[in-house]
Amino acid sequence: MSEFGFAAVEEGLRIGRARAAVLAADAANALTPGFAAQDVVTSPSGDAASPFSATLREVSMHGSASVLEYSMGATAKNGVSYRALADQERAMVREFKTVAEEARR
Amino acid sequence: MIDPSLAFDIAASGMAAQRANMNVIAENLANADTTSAGAPYRTRTAVFEPASLDDDETSFPIGGSFGGGSFGGEFAIDFDSDGATQDAAQGVRLADIVDNPAAAQYRFDPTNPLAAKSGTHRGYVAEPYVDPIAQMIGLITAGRAYDADVAALQGAKQMDVEADDIDRS
């Protein structure tokens, strides 16, 4: 169970990292002619072996200003999600250490 | 494993590109009233293009296999639906600075030492066609793009701080 929890949270952290890079590319290329903004979309896959499905999708935007605002907003939201996952990971590590110490006594 | 510095590199490329863009716009505004005897100053426009960083950095080999537990599957982001794995996230670079093809404006100013001494434009001075409103809009947009790059950079930095904190816990 704990392995599942750690693996799921750590995968979420990795996806957050990847999404940060994709959103950074959106911001960097917002004024590039012909550039189409992208984002990482995650959803439950319904598969027990691989419960997450993360896909790179084109984001429909009109104008460079829209891409910039979307990128900034999504970056902020992604940062909050990442922080929540990091908090969860730290909490699980603490719990894991507590259980290990209890077991040693 | 994703390169932790990828978002930094991409954001930095965007900041460098927008700084160059602002320089071009500043040059246009600075020369808005520049007169000349011959061909006048032409406004210039920065043109950007996506720039691939190292292949190792632009691909996203997200995740991997998890051993143990009920979470034993292979996890991967489907970046490759149309073979776009290498283009998933790219930086940007200044591709070119192009001259505006708009014709020069001529103002009758025979006392100006740069006025044409002969020809059809005798007594006229050539002035560049600079639309200050369009240039200011471009400047604001470039500033906003720079802000977005800074936000991306700060977001990536905060992620590094969080990751370090996990390591320490």
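Which residues line the largest cavity? In this predicted model, the lining is drawn from chain B and falls into several stretches of its numbering. One stretch is B:Pro40, B:Tyr41, B:Arg42 and B:Thr43. Another part of the lining consists of B:Asn100, B:Ala102, B:Ala103 and B:Ala104, and B:Pro128 and B:Tyr129 complete the list. Sorted by class, these residues are seven nonpolar, two polar and one charged. The space they enclose has a volume of about 60 Å³. The structure has two cavities of 30 Å³ or more.

Pockets come next. The largest pocket holds about 290 Å³ of space. Its lining numbers 15 residues, and those nearest the centre are A:Gly12, A:Ile15, A:Thr42, A:Asn78 and A:Ser81. Three elements of chain A each contribute at least two residues to this lining: helix 1 (2-28), strand 1 (38-44) and helix 2 (64-104). By class, the lining of the largest pocket comprises seven nonpolar, six polar and two charged residues.

The surface of chain B has a feature of another kind. B:Tyr106, B:Phe108 and B:Tyr124 make up a nonpolar patch there, and together they have about 310 Å² of accessible area. One of them, B:Tyr124, belongs to strand 4 of chain B, which covers residues 124-127. B:Tyr124 has a relative accessible area of 32%, so this residue counts as partly exposed. Patch members need over 30% relative accessible area, and B:Tyr124, at 32%, therefore meets that cut-off.

Notes:
Residues numbered from 1 in each chain as written. Chains lettered and ligands numbered in written order. Predicted model: local features only at pLDDT ≥ 70, side-chain atom pairs only at ≥ 80, totals over all residues. Heavy atoms only, no water. 1 Å grid on protein atoms, 1.4 Å probe; cavity = no way out; pocket = protein on both sides within 12 Å on 5 of 7 lines; lining within 4 Å. Points joined across faces, edges and corners; volume = space filled by probe spheres on them. Helix = DSSP H or I, 4+ residues; strand = E, 2+ residues; numbered from the N terminus. Nonpolar A, V, L, I, M, F, W, Y, C, P; charged D, E, K, R; others polar. Patch = residues over 30% accessible without salt bridge, like charges linked within 9 Å, V, L, I, M, F, W, Y side chains within 5 Å. Areas by Shrake-Rupley, 256 points an atom, 1.4 Å probe, with all protein chains shown as cover. Salt bridge = Lys/Arg side-chain N within 4 Å of Asp/Glu carboxyl O. Buried < 20%, exposed > 50% of the residue type's maximum accessible area, 1.4 Å probe, protein only.
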